[in-house]
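Please take me through this structure step by step, telling me what to select next and what I will find there.

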Amino acid sequence: MDNGTKGMSRAGRGGSRGFSRGGARGGARKVSQAGVAPPEKRPRMDIATPESMSQFSTAPTTPAEPSSATPLFQDLADQGVLKPNLLQAIHNNLKYKTMTEVQAATMGSILEGKDCLAQAKTGTGKTLAFLIPAIQTLMGRPPTKKSIRAIIVSPTRELAKQITDEARLLMTGFNFRSHTSIGGLSTSKDQKAVLTCPDLLIATPGRLHDHLSNPSLKACFTEVQFFVLDEADQLLDQGFSVALNKIMALLPPTPKRQTLLFSATVPNTIKQLAGKLLRPGYALINTINETDVGTHERIPQFLIHVPSVNTVLPSLLALIRAEQASTDKFKAVIFLPTAYQTKLFAEHFTHIGSTLTPFLPTYEIHSRLSQSKREKTADEFRAAKTGVLFSSDVSARGMDFPDVTHVIQVGQPSNREQYIHRLGRTGRAGKSGKGFLILAPYEAAYLTQIKDLPLAPHTLAPTSTDFEVSNSAMSRVPEQTKNRAYSAWLGFYKQQKGALKPQALVQMANEMACGKGGFGLKLPPLMWTQTVGKMGLKGVEGLRLTKVKPGSD
Ligand SMILES: Nc1ncnc2c1ncn2[C@@H]1O[C@H](COP(=O)(O)OP(=O)(O)OP(=O)(O)O)[C@@H](O)[C@H]1O
């Protein structure tokens, strides 16, 4: 538990960054230059009716149209919708004067009390678009009982912490308390903090559900006035939907509670669901033109097809070398499909980064690390001028690491949306960036999911030195890491649409485990029979089985 006047590290660093090279501000300026922007350039906004729920309307009817040449936070204060002391806090604590396009498009409606489903590209300031109205809610009608008044739900722990930092910075000078409730932290400490009814609670779904179902904490949730799902499509999707449904059912019903859904990607299924969660008359706002794709034009995207599973690592090395040479401050996020592959790639690169000139430090974030380690690494990478962060999807959404020059996705993302969010870790707040996707032949089916996105083919031939350096680094990676990465690889690819048949999949995994350019093992790792059964690979030739659970011998 912290008071709102403390702890402002991340957002403070981001506080003076502007949208100087186009991007969101450029977009917003287009709206206002002509007084009223041409229809295709305007954010699509509508007041939803049940009939209009399945699509975003083109009718710009909300009062959030910017009124000056560049939409300013001051405009909202002049219209009487933003409180003057909150405007001061935005100016003084965040140092922002200009609204981004999504902020200009949504905040009028939200500050007037409407529910909202908002879609805007990655890195365009959606967090403040819901945080500012959240804080204004805290400044308004006091609750009749002591209660948490605003809740923000985030799919990942790191994002929850980041939102808390930004909220605390904005709340500096106000007497509000916030608390972050996330998995991986002491439950009893967390419960004690929740029991004091902080004004603003930022939580991950599992922990929030635990609190809501705890009778001793029930009283703290009686007057929640403001409820946000950040990365709403992910929260309402299969993995989280059960927890989310329970959360919604446990929150005391009140017609006065405002609910907001925000994301850079909103598939149609989620638009339909929104109708059930939001009150009638909610605002649908989409700042992405119908003809546009969900990625930024200024981030060139490249596709690298590697010829085999054992050219992935040397190709990645060749790519890092080439791209490092092309920029002063190479700062990359490299996404892998699973936690254990992330660990393997990070341990492998640790032995390489130190040999490069200039030295490239390695960072690693995934769910197999302790929460404190995850947070420490996120903070270190945020502050880093250069380096390579190997990450699983825990950093795919929302994370705002400053000045990331490259996003490299190694292996297929779990779906189309995840590709867009991962790419969005670069080119944020109007900055430039570059994206690469490295696919092996067995991943070709994934391309149908992103066929409309502008990926240009990129050829890359790793040299014999790349192979040598990669193999030598791999020989120093502990065998346990390789064994786990092998099993995780099989588990991930077995589940993917258009995956190889089981026999071919195991053969590919074995090639990776023992082939040159791969893990360099003498034999494929032993697999626990129960794991093999769960993966649906029972009886597949080529697997080496053990009845002993790994790690228990
Ligand atoms: N009005 C503004 N002017 C300048 N910079 C801003 C403004 N609003 C937000 N930013 C900065 O823009 C960056 C991206 O914002 P934010 O993280 O909210 O993006 P997002 O749209 O939520 O991205 P994602 O879809 O990846 O979650 C942050 O560093 C934030 O501090």
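**A tour of rings and cores**

Begin by selecting Phe 302 and Phe 436, both of which are buried, meaning under 20% relative accessible area with a 1.4 Å probe and protein chains only. This is a predicted model, in which local features need pLDDT of at least 70 and side-chain atom pairs count only at pLDDT 80 or more, while totals for chains, interfaces and linings use all residues. Residues are numbered from 1 along each chain as its sequence is written, and side-chain values use heavy atoms, with hydrogens and water left out.

By the ring rule (centres within 6.5 Å for Phe, Tyr and the six-membered ring of Trp; planes under 30 degrees apart are stacked, over 60 edge-to-face, the rest tilted), the count comes to 10 aromatic pairs. Phe 302 and Phe 436 form a stacked one, 5.1 Å centre to centre with 25° between the planes. Phe 302 belongs to strand E10 (residues 301–305) and Phe 436 to strand E15 (residues 434–439), so named as DSSP runs of E, at least two residues long, numbered from the N terminus.

Next, select Tyr 442, Trp 489, Phe 492 and Tyr 493, which form one aromatic cluster.

Then turn to the largest nonpolar core (buried Ala, Val, Leu, Ile, Met, Phe, Trp, Tyr and Cys joined through side-chain atoms within 4.5 Å), where, of 61 residues, Leu 82, Leu 86, Ile 132, Ile 135, Leu 170 and Leu 200 touch the most other members. Helix H6 (residues 126–139; a DSSP run of H or I, at least four residues) gives the most to this core, with nine residues.

Methods: Buried < 20%, exposed > 50% of the residue type's maximum accessible area, 1.4 Å probe, protein only.
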